[in-house]
Structure formats: structure tokens, C-alpha cells
Amino acid sequence: MRSTLTTVLGAGAALTLLLTACEGEGAGTGDGAGGDGDAAPEDMTIGVAMPTQTYERWLQDGGSIEQGLEDLGYGVDLQYADDDIPTQSQQIDQMITQGVDALIVASIDGSALTSQLDAAAAADIPVIAYDRLLTNSADVDFYVTFDNYEVGVNQAKSLLYGLGVLDESFEDSDDAPEGPLNIELFAGSLDDNNSHLFWQGAIETLEPYLEDGTLEVPSGQDSIEQAAIQRWEQETAQERMENLLTSHYSGDDELDGVLAPADPLSRGIITALRNDGWGPSIEDGMPIVTGQDAEIASISLIDQGIQHSTIFKDTRLLADEAVRAAEAYLQGEEPEANDTETYDNGEIVVPSFLLEVEMVLQDNYEEILVDSGYYTEEQVESGQL
């Protein structure tokens with residue numbers, strides 16, 4: 001079944017937002033940028049700025065990048081900022097002051113680091129934005145990420161599939177239930193550029209079914225501003241779901257599904273639902289809840305039939321691309337981009353390398369995650385790494 005569940009990255013995809021701006025030079029594109037290829041890796045250090053240690057995937061990302069760079073002989077200064085913008089700003093300032101040769105930055109707020117990017121440009125340090133686009137600055141050299149619009153498309157399709165609106169081929173089902181089916185919408189942190197791409201992909205996929213009455217949002221909270229969860233916090237998602245249940249589902253109204261853009265939010269939503277008497281599993285009445293990042297706790301819930309789906313973004317591959325991009329600059333070369341049109345950061349269109357994503361369901365998680373060595377069956381059973 002995996003062949004029908006794997007999303008292949010389209011050339012340029014159907015991304016219509018963030019179109020063109022004049023291309024800029026970037027931080028590391030001046031004379032001698034990123035080294036001339038003469039320096040040995042052991043004489044160079046790459047600064048790696050990660051947003052937080054409280055989110056499982058960022059620990060995996062940071063560890064994978066560090067290992068990949070160290071395997072090539074580079075020194076690594078890896079810092080986590082605990083989701084605090086001033087802390088991340090200070091960490092990057094310190095990296096620049098100490099003379100790192102390149103920067104890989106997964107930002108907390110992509111618009112909050114312009115002074116650091118200015119300083120990197122002045123020091124001729126190439127800057128690679130990692131998964132979250134660095135915005136409002138011409139001093140960004142490269143961007144490695146996934147097709148984030150397609151993440152949203154896949155989340156919406158997995159919701160529609162779970163509701164029975166789409167069949168296993170993700171086409172309109174001949175046996176689709178009559179609407180309206182009640183759903184609620186969640187979005188990520190508004191200061192994360194990816195949140196807007198996830199939302200756009202999902203809403204544009206759901207829109208025809210909302211317009212024809214197949215789906216309905218009883219709360220009326222159908223804008224990204226209403227649905228957003230600051231800093232992607234699980235507790236905030238749980239609280240919002242509790243409020244939605246109290247305000248709109250205290251009678252006989254059924255909740256059929258929840259669009260959740262990330263696994264911590266999914267688990268917060270599921271906790272709120274269980275505490276309100278829903279479930280405990282989908283078979284027992286738990287609404288269809290989506291997710292993202294294939295966190296082990298959520299894969300365990302999917303295995304148990306509690307969470308319906310997640311989106312797998314293989315961060316091992318993303319880390320590899322970040323390492324390759326950094327090495328290219330340090331060797332006086334340009335990294336390969338497969339998208340030079342989409343990611344307008346407000347100042348320039350940032351050359352990017354986009355990776356594929358995969359939808360994970362109960363009947364394919366083993367093939368995608370266990371057979372590939374990402375997790376073991378024991379980890380899935382325990383819900384812990």
C-alpha cells in the first residue's frame with residue numbers, strides 16, 4: 001500500500017505563494033566566501049543553532065548534523081536555545097565572534113535574526129537555513145527543507161481518508177459518508193514560516209469539501225490566526241481543544257476529525273478528547289487526528305489505533321543535505337539546489353533543496369519507519385526511544 005501513500009516531490013510543486021523577488025547575494029557569496037578549499041576540515045568549525053531540546057525531532061536533527069560534520073573532520077559548535085529568541089540570538093552572536101566558518105540555523109522566529117545575519121555577512125560566513133526559512137534578510141545563502149506545502153496537502157488527505165471521504169488511492173470515495181462531517185482546525189506557531197505553508201497546503205485541499213458541505217467547522221475558527229498554537233506547545237493545544245469541546249461539543253454534536261499539524265499538538269488534542277470521554281481509540285469513537293514528524297510517542301499511538309496519521313520527514317536526509325551544503329561552501333563551491341523560485345524570504349529568493357515527505361498510517365508505519373531502521377519495534381511498543 002505504500003506506493004499510494006508516498007508523496008513524490010513535484011518539480012516546483014503547486015506552490016503559488018511567496019513567488020518572486022530579486023535574488024540577492026547572501027552572506028557567504030562575497031570574495032572568498034566559505035573558504036577557498038585549501039583549509040583542512042579539522043581547522044574549521046561549523047556553528048549549528050537549534051531552537052529547542054523539548055521537541056524530539058530537534059534533538060535528532062542536531063545530533064545527525066553534528067555526527068555528519070564530525071565524520072568529515074569538522075569541528076561543531078551545537079547550541080540549543082530552549083525556544084527563547086534572545087538566547088538563540090546570543091548563541092549565534094557568540095558563534096560569529098568566535099569565528100565559525102559556516103552557520104546552520106534552525107530558527108525559533110525566522111524574522112528575529114537579521115542583525116546576526118548582517119554580522120555573518122560582514123564576516124563572510126555562509127548561512128544555511130535549516131527547515132525554517134530565515135526571513136527579511138538578503139544574507140541567507142541556502143535553505144534545506146522538505147516540501148512543506150505538500151506536508152499540509154498530505155495532512156488534509158490523511159484526514160479525508162480517515163473520515164472515509166477519500167479511498168485508499170486518495171480519490172473521492174464512492175462510499176463517502178453524507179456530510180456534514182464536523183472537524184476542527186489547528187495550526188502551528190505564526191512566527192514559523194513553515195506553519196503558513198502547512199496551513200495553505202491543508203486548507204486548499206480541504207476547501208472544496210468545506211464549500212460543498214461535506215465538511216463543517218462548528219466553532220467557526222477557520223483562520224490560521226484563530227487556529228495557531230504559539231511555539232507548537234502541547235499544553236496550549238490541549239487547552240484550546242478543551243475550550244472547543246466545552247463551547248461547541250457539550251451536547252450531542254459529534255466531532256469527526258481534527259487537523260493537527262504536528263505530533264505534540266496531536267497528543268495534546270488526544271489528551272483533551274480522552275479526558276472529555278472520547279475514544280479511547282478510533283474504533284471506539286476517537287475522532288480522526290492527524291500529525292507531523294513521526295515522533296515515537298505518536299507512532300505508538302498510531303500503532304494502537306488512537307492517533308490516525310502523521311507525516312514522516314526523514315531528518316537524517318535533511319541533516320545530510322545541510323552537511324553537504326556547508327561542506328560545499330567551505331570548499332569554495334556552491335551547493336546543489338532543486339528549487340530556485342519558491343522561497344522568497346521578503347528580500348531574496350533563497351536557493352533551496354527540498355526533500356520528499358511520506359504519510360504514515362497504522363498499516364504502513366512498519367515499512368516506512370521500522371524496516372528503514374528509523375525506529376525498532378520495541379521503541380514503537382514502548383513509545384520511547
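Student: Is R231 buried or exposed?

Tutor: In this predicted model, R231 has a relative accessibility of 19%. The cut-off for a buried residue is under 20%, so R231 counts as buried.

Student: With which residue does the side chain of D191 meet in a salt bridge?

Tutor: D191 is itself buried, with a relative accessible area of 18%. Its side chain meets that of R231 in a salt bridge, at 2.2 Å from N to O. The pair links distant parts of the chain, 40 residues apart: D191 is in the loop between β7 and α6, and the loop between α7 (224–227) and α8 (234–248) holds its partner, R231.

Student: How far apart are the closest N and O atoms in the salt bridge of D192 with R132?

Tutor: Both residues count as buried, because D192 has a relative accessibility of 3% and R132 a relative accessible area of 7%. A salt bridge joins D192 to R132, and this pair too links distant parts of the chain. D192 is in the loop between β7 and α6, whereas R132, 60 residues apart from it, is in the loop between β5 (127–130) and β6 (142–146). The closest N and O atoms of D192 and R132 are apart by 2.9 Å.

Student: In which helix do D61 and R57 both lie?

Tutor: The side chains of D61 and R57 meet in a salt bridge of 2.7 Å, N to O, and both residues are buried. They are four residues apart, about one turn of the helix. The helix that holds D61 and R57 is α2.

Student: How many salt bridges are counted in the structure?

Tutor: The pairs described above include D61 with R57, D192 with R132 and D191 with R231. The full count of salt bridges comes to nine.

Student: Which residues lie nearest the centre of the largest cavity?

Tutor: The largest cavity holds about 90 Å³ of space, and 13 residues line it. Two elements, α2 (56–71) and α6 (193–211), give two or more residues each to this lining. By class, the lining divides into five nonpolar, two polar and six charged residues. Those nearest the centre are R57, R132, D192, W232 and D293.

Student: About how much space lies in the second largest cavity?

Tutor: The residues that line the second largest cavity include D191, R231, D192 and R132, along with W232 and Y55. Its lining has five nonpolar, two polar and five charged residues. The space in the second largest cavity is about 70 Å³.

Student: How many cavities of 30 Å³ or more are there?

Tutor: The largest cavity has about 90 Å³ of space, and the second largest has about 70 Å³. For cavities of 30 Å³ or more, the count comes to three.

Student: Which strands stand at the edges of the open sheet of four strands, and why is one side of each left without a neighbour?

Tutor: The strand order in this sheet is β8-β7-β9-β10, and the pairing is parallel. Each edge strand has a single partner strand, so one side of each is left without a neighbour in the sheet. The strands at the edges are β8 (215–216) and β10 (288–289).

Student: Which residue stands opposite N182 in β8?

Tutor: Strand β7 covers residues 181–185 and runs parallel to β8. Two bridges join β7 to β8. Opposite N182 in β8 stands E216.

Student: Which residues of strand β4 are buried on its two faces?

Tutor: Strand β4 spans residues 102–105. Four bridges join it to the parallel strand β2 (residues 45–50), where I46 stands opposite A102. β4 also pairs with β5 in the parallel sense over three bridges, and V105 stands opposite A129 in β5. Both faces of β4 are covered, with buried residues A102 and I104 on one side and, on the other, L103 and V105.

Student: How far does the backbone nitrogen of L361 lie from a polar atom of the side chain of N364?

Tutor: N364 is in the loop between β13 (357–360) and α12 (365–370). At 1% relative accessibility, N364 counts as buried. A polar atom of its side chain and the backbone nitrogen of L361 are separated by 2.6 Å.

Methods: Residues are numbered from 1 along each chain as its sequence is written. This is a predicted model: local features need pLDDT of at least 70, side-chain atom pairs count only at pLDDT 80 or more; totals for chains, interfaces and linings use all residues. Side-chain values use heavy atoms; hydrogens and water are left out. Two strands pair if DSSP finds at least two bridges between them. On a 1 Å grid over the protein atoms alone, a cavity is a set of points where a 1.4 Å probe fits but cannot get out, and a pocket is an open set with protein on both sides within 12 Å along at least five of seven lines; lining residues have an atom within 4 Å of a point. Grid points are joined across faces, edges and corners, and a volume is the space filled by probe spheres set on the points. Ala, Val, Leu, Ile, Met, Phe, Trp, Tyr, Cys and Pro count as nonpolar, Asp, Glu, Lys and Arg as charged, and the others, Gly among them, as polar. Buried means under 20% relative accessible area, exposed over 50%, partly exposed in between (1.4 Å probe, protein chains only). A polar contact is a pair of N or O atoms within 3.5 Å; within protein, one must be able to donate a hydrogen and the other to accept it, and residues adjacent in sequence count only if both atoms are side-chain atoms. A salt bridge is a side-chain nitrogen of Lys or Arg within 4 Å of a carboxyl oxygen of Asp or Glu.
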